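Me: I have a chain open here and want to go through it piece by piece. Can you take questions as I go?
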Amino acid sequence: KIAYSCDPDHGRRAAVLQSSAAVHRGCSGGALVAQGRLLGMVTTNVKQQDGSVMPHVNFILPVTLLTPICTYLENLKVLPAEE
């Protein structure tokens, strides 16, 4: 499932993906890949009221949101450490 946001400059854009892939506690930040294609990065699982994790219901930031962030980070200039 895909939840969309509306961006006046870019139109309809995927804001978050919902996946049924098994993702267990501690695996957030991992890649969600299907047929060799990067779909996004796992951010969180659904949790029940008692705090237990439902590993087959999780949310992913789509690669379309991650690409601009990666480009920005790649273009940062690292400042030398002060002594």
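Reply: Start with one strand pair: β3 and β4 run antiparallel to each other, paired over four bridges. Keep in mind that this is a predicted model.

Me: Which residue in β4 is the bridge partner of Ala31?
Reply: Met41 is the partner of Ala31. Another pair across these strands is Leu32, which stands opposite Gly40 in β4.

Me: How many residues sit between the strands in the hairpin of β3 and β4?
Reply: Two residues lie between them, and in that hairpin Gln35 takes a positive phi near 50°. Gln35 has that positive phi although it is not a glycine.

Me: Where is Gln35 found, exactly?
Reply: Gln35 is in the loop that links β3, residues 31-34, to β4, residues 37-47.

Me: Is Gln35 buried or exposed?
Reply: Exposed. Its relative accessible area is 87%, and Gln35 counts as exposed because the cut-off for that class is over 50%.

Me: Next pair. In what sense do β4 and β5 pair, and over how many bridges?
Reply: β4 and β5 are antiparallel too, with seven bridges between them. Met41 comes up again here, since this residue stands opposite Leu61 in β5. So Met41 has a bridge partner in Ala31 and faces Leu61 in β5.

Me: And the turn there: which residue takes a positive phi in the hairpin of β4 and β5?
Reply: Gly51 does, with a phi near 95°. That hairpin has five residues between its strands.

Me: I want to look at a histidine. Where is His56?
Reply: His56 is in strand β5, which covers residues 53-62.

Me: What does His56 contact, leaving aside its neighbours within four places in sequence?
Reply: Ser19, Ser20, Ala21 and Ala22. For Ser20, the C-alpha atoms of the two residues are separated by 4.6 Å, although His56 and Ser20 are 36 residues apart along the chain.

Me: How accessible is His56?
Reply: His56 has 46% relative accessibility, so it counts as partly exposed. Exposed would take over 50% and buried would take under 20%.

Me: Switching to the surface. Which residues make the nonpolar patch?
Reply: Ile69, Tyr72, Leu73 and Leu76 make a nonpolar surface patch of about 430 Å².

Me: Where is Leu76, and what is its relative accessible area?
Reply: Leu76 is in the segment after α1, the helix spanning 63-74. At 45% relative accessible area, Leu76 is partly exposed.

Me: Now the whole chain. In what order do the elements run?
Reply: From the N terminus on, the order is β-β-β-β-β-α. That comes to five strands and one helix.

Me: What share of the residues counts as buried?
Reply: Of the 83 residues in the chain, 16% are buried. The chain exposes about 6500 Å², and carbon and sulfur atoms supply 58% of that area.

Me: Last one. What share of the contacts with a separation of 6 or more is between residues 24 or more positions apart?
Reply: Residues that far apart account for 37% of those contacts in the chain.

Methods:
Residues are numbered from 1 along each chain as its sequence is written. This is a predicted model: local features need pLDDT of at least 70, side-chain atom pairs count only at pLDDT 80 or more; totals for chains, interfaces and linings use all residues. Side-chain values use heavy atoms; hydrogens and water are left out. Buried means under 20% relative accessible area, exposed over 50%, partly exposed in between (1.4 Å probe, protein chains only). Contact means heavy atoms within 4.5 Å. Patches are made of residues with over 30% relative accessible area and no salt bridge: like charges are joined within 9 Å, nonpolar side chains (Val, Leu, Ile, Met, Phe, Trp, Tyr) within 5 Å. Accessible areas come from the Shrake-Rupley method with a 1.4 Å probe; for residues, only the protein chains shown count as cover. A salt bridge is a side-chain nitrogen of Lys or Arg within 4 Å of a carboxyl oxygen of Asp or Glu. Two strands pair if DSSP finds at least two bridges between them.
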